[in-house]
Amino acid sequence: MKQLRRYIAAAMLAMAAFMAPAQTELNRYGTDITSDMALIYAGSDRRPEWTVDEIMPYVVHTYADGTKDWFFDAFLYLEFTSGSTGKSFDNGGGKIYAQKADWDWLMGRQIKALASLDSAITIAKAELGEPRLRHKVVLGMPAPIKAQGKNFGEINGQTMDFSQEKDRVTAAKWYVSQVIKSFEDAKFENIDLAGLYWLEESLFTNGSIMPEINDWIYRNKMRSYWIPYYKDNAEFRFNWRDKYGFDVAYQQPNYFFERDIPMSQLEAACDESKKYGMALEMEFETQGNSRLQHDDPDSYYDRLVDYLDVFEKKGVFDESAIAWYSGTKGFLDLARSTDSMNHVIADRMARIVAERQARKAASLAYPVNQIRDLALIYQGASYRIPWTEEQFVPYVTHTFADGSKDWLFDGYLFLDASDGDKVKYFPWGDDEGATKADWEWYLNRLFEKGKSLDALNKCIATQKKEIGDPGFKHKIVLTQLVPIKNNKHWGSLDGRQLDFSNVDDQVAACQWFIDQLIERFNAGNYENLELTGIYWLDEDMCHTDGFPAHIAPYIHSKGLEFSWIPYFKGRGYEKWRELGFDIAYMQPNHFFTPELPDKRLDETCDVTLRNGMAMEFECDATALSQKENSAAARMDAYIDAFERWGIWDKCAIAHYTGSKLLIDFVENPSPENQALADRYCRHIIDRRANPALLPKK
């Protein structure tokens, strides 16, 4: 990645127009869900076709002694020009501008190349078994070229004018959406789309539009990646996060390519990256003026050795995510080389990658807490069942086909999204928000005598007489309703009208509500129940601006845990710790959409593992055998995936069963329903005997 000379002096001077904001000093290298990402230049008709044979040396490394091991766990597919036609995909690539048809062409070329990668991994798995980390891909997106004006084409019937920022943003958003759709349509088995990469290595032209584009990428459940070059680029590369909104940025040291560049630049790049939270790029190439090959008279072999030595000395290999630039096809050339010294350096890099990935894989763990299996109980809306003692029985115990019976869930989360009429308890559309009286109505439903918590307590007491003491108190998690921003009619506290455009007023309302939950729970004298946590109702952070962090300390001061269940890659999911949560469960959202392949379950298990999250199991009444187009197979797919990924053995689980699936199983008897319920409940019951599923004291 060598673009030090791509911008003319006038563009350099444009830097003065930018006011540098305060740069956040993070004092740590940048990390990612990936460990080691290979840059694959694919798209130009002058690049390799990236057949299975060509990509295999990046998937599997064969050492000099003939042994083999997995190589890169991530791949960035990118391209700057179309090749022979000379069409440019960014502002620095030339005067022939790529049009919409060219962007489509590029996407098609890269999806085709990804098919070879997917096949190569399948072949490798047959020989090596499962990889240490599931493979990720990042796809480069073309940058709209300001100078081409109206030359690009139409989007949704509107001619784009790239001299206008809004049209450049529109084109970028369109491409992100098309990439996601094309990737999903391809139905790859072994690779997941991790994010989008911004092609331009400096932001002289498009810096002002990056926050909006990166926000769009984030809203589409992807991560945004960037790899800025070194020289005269500090204004942009050090503000990668605060000003431009990238999720991950790798700094190019640009040391390899010119002999007059001192090693001090390589060392400085490491130090600066750690200071500003950036990851690093490893750089070499086997073509051009700075050729790696050891037997070449002008070999730059020694400069690659410098990278490896300095990265080791600076702790990069121990702490940082790394992007590996090898020119057009460096690792392919090394694999085909007859020079033994080229194999020595390739083996050294492969061992470094293998050790890094092994450490990362070993460090990943699903979380546990004091609740192994948390059943979601929807109670509050007027259309819900009343949750009487009798209705709770299938959620407290399970009766198997042979007549045996055992305790089931050890925890229950009581929640609801509305009153069943017009009142919503979380941000929804143009809803102005519930009032204090609405919140009190919910409290009264929750603590109604003979129902809900009171009924659960009595149900447990009755079952204890039949099957004995479970040996634990059932844990309860109660829901904090969401103070909807700008709601000015919620009501008053201590004689003062609250205004939810003020964060302090939102906090005050939540603290009052938490106090109400605790006081009323304690007043219930539930001898079989123990209040252990508070749940945040909203499933993403699109509307609440990270608000949970404001109330987490108060919840913790009460000795309670704070939990969250975002939908699949819901906004803010990877920042759940920063938001103040003690545990977060990821929703796969697979059960409800027949078009989604089972691979979604594998991807969710992997995403949760890499982000230290727990999992949600999902099913509802459509799993019944009596239902037309029964979703029983999709419920089985969850059980299978949880077995495959060790979720049952290692992870806390929240259980969404629709409104009342376990009751529906009992009320709709059939051999198929009994078998599915038995399989599901057997896992839950067996988990109680696993000490690994409770936190260490």
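Leaving aside neighbours within four places in sequence, residue I209 is in contact with P144, E165, R168 and V169 in this predicted model. The residue is found in the loop that runs between strand 8 (191–198) and helix 5 (210–219). I209 has a relative accessible area of 2% and, because this lies under the 20% that marks a buried residue, is counted as buried. One of its contacts, R168, is 41 residues away from I209 in sequence, yet the two C-alpha atoms are 7.9 Å apart in space.

R168 and V169, both in contact with I209, are also among the buried residues of helix 4. The other buried residues of this helix are D167, A171, A172, W174, Y175, V176, V179, I180 and F183. Helix 4 comprises 22 residues (residues 165–186), which at 1.5 Å a residue should span 32 Å, and the end C-alpha atoms are indeed 32 Å apart, so the expected and computed spans agree. An α-helix has 3.6 residues a turn, so residues three or four places apart point the same way. Just after helix 4, K187 takes a positive phi of about 55°.

In soluble globular proteins, nonpolar side chains tend to be buried together. In the present model, the largest nonpolar core has 117 residues, and those with the most contacts inside this core are Y58, V59, F75, Y77, L114, L117 and F311. Helix 3 gives the most to this core, with 10 residues. The surroundings of Y77 can be described in further detail: when neighbours within four places in sequence are left aside, Y77 is in contact with I40, A42, I55, Q110, A113, L114, L117, V138, L139 and G140. Apart from the largest core lies another core, of 114 residues, among them I514, F591, A623 and A652.

Pockets were examined next. The largest pocket has a volume of about 1200 Å³ and is lined by 40 residues, of which R223, D247, E574, K575 and E578 lie nearest its centre. The elements that give two or more residues to this lining are helix 5, strand 10 (248–251), helix 11 (340–363) and helix 17 (599–610), and helix 5 gives the most, with 5 residues. By residue type, the lining of the largest pocket divides into 15 nonpolar, 10 polar and 15 charged residues.

The second largest pocket has a volume of about 640 Å³, and of the 23 residues that line this pocket, E130, P131, R134, R644 and W645 lie nearest its centre. Two or more residues of the lining come from each of helix 3 (100–128) and helix 17, with the largest share, 4 residues, provided by helix 17. The lining of the second largest pocket is made up of 10 nonpolar, 2 polar and 11 charged residues.

A search of the whole structure also finds 5 cavities of 30 Å³ or more, and the largest cavity holds about 80 Å³ of space. Of the 15 residues that line the largest cavity, the closest to its centre are I33, A194, K569, Y573 and V607. Strand 8 and helix 17 are the elements that give two or more residues to this lining, and helix 17 gives the most, with 4 residues. The residues that line the largest cavity divide into 6 nonpolar, 1 polar and 8 charged.

Key: Residues are numbered from 1 along each chain as its sequence is written. This is a predicted model: local features need pLDDT of at least 70, side-chain atom pairs count only at pLDDT 80 or more; totals for chains, interfaces and linings use all residues. Side-chain values use heavy atoms; hydrogens and water are left out. Buried means under 20% relative accessible area, exposed over 50%, partly exposed in between (1.4 Å probe, protein chains only). Contact means heavy atoms within 4.5 Å. The expected span of a helix is 1.5 Å times one less than its number of residues. On a 1 Å grid over the protein atoms alone, a cavity is a set of points where a 1.4 Å probe fits but cannot get out, and a pocket is an open set with protein on both sides within 12 Å along at least five of seven lines; lining residues have an atom within 4 Å of a point. Grid points are joined across faces, edges and corners, and a volume is the space filled by probe spheres set on the points. Ala, Val, Leu, Ile, Met, Phe, Trp, Tyr, Cys and Pro count as nonpolar, Asp, Glu, Lys and Arg as charged, and the others, Gly among them, as polar. A nonpolar core is a set of buried Ala, Val, Leu, Ile, Met, Phe, Trp, Tyr and Cys residues joined through side-chain atoms within 4.5 Å.
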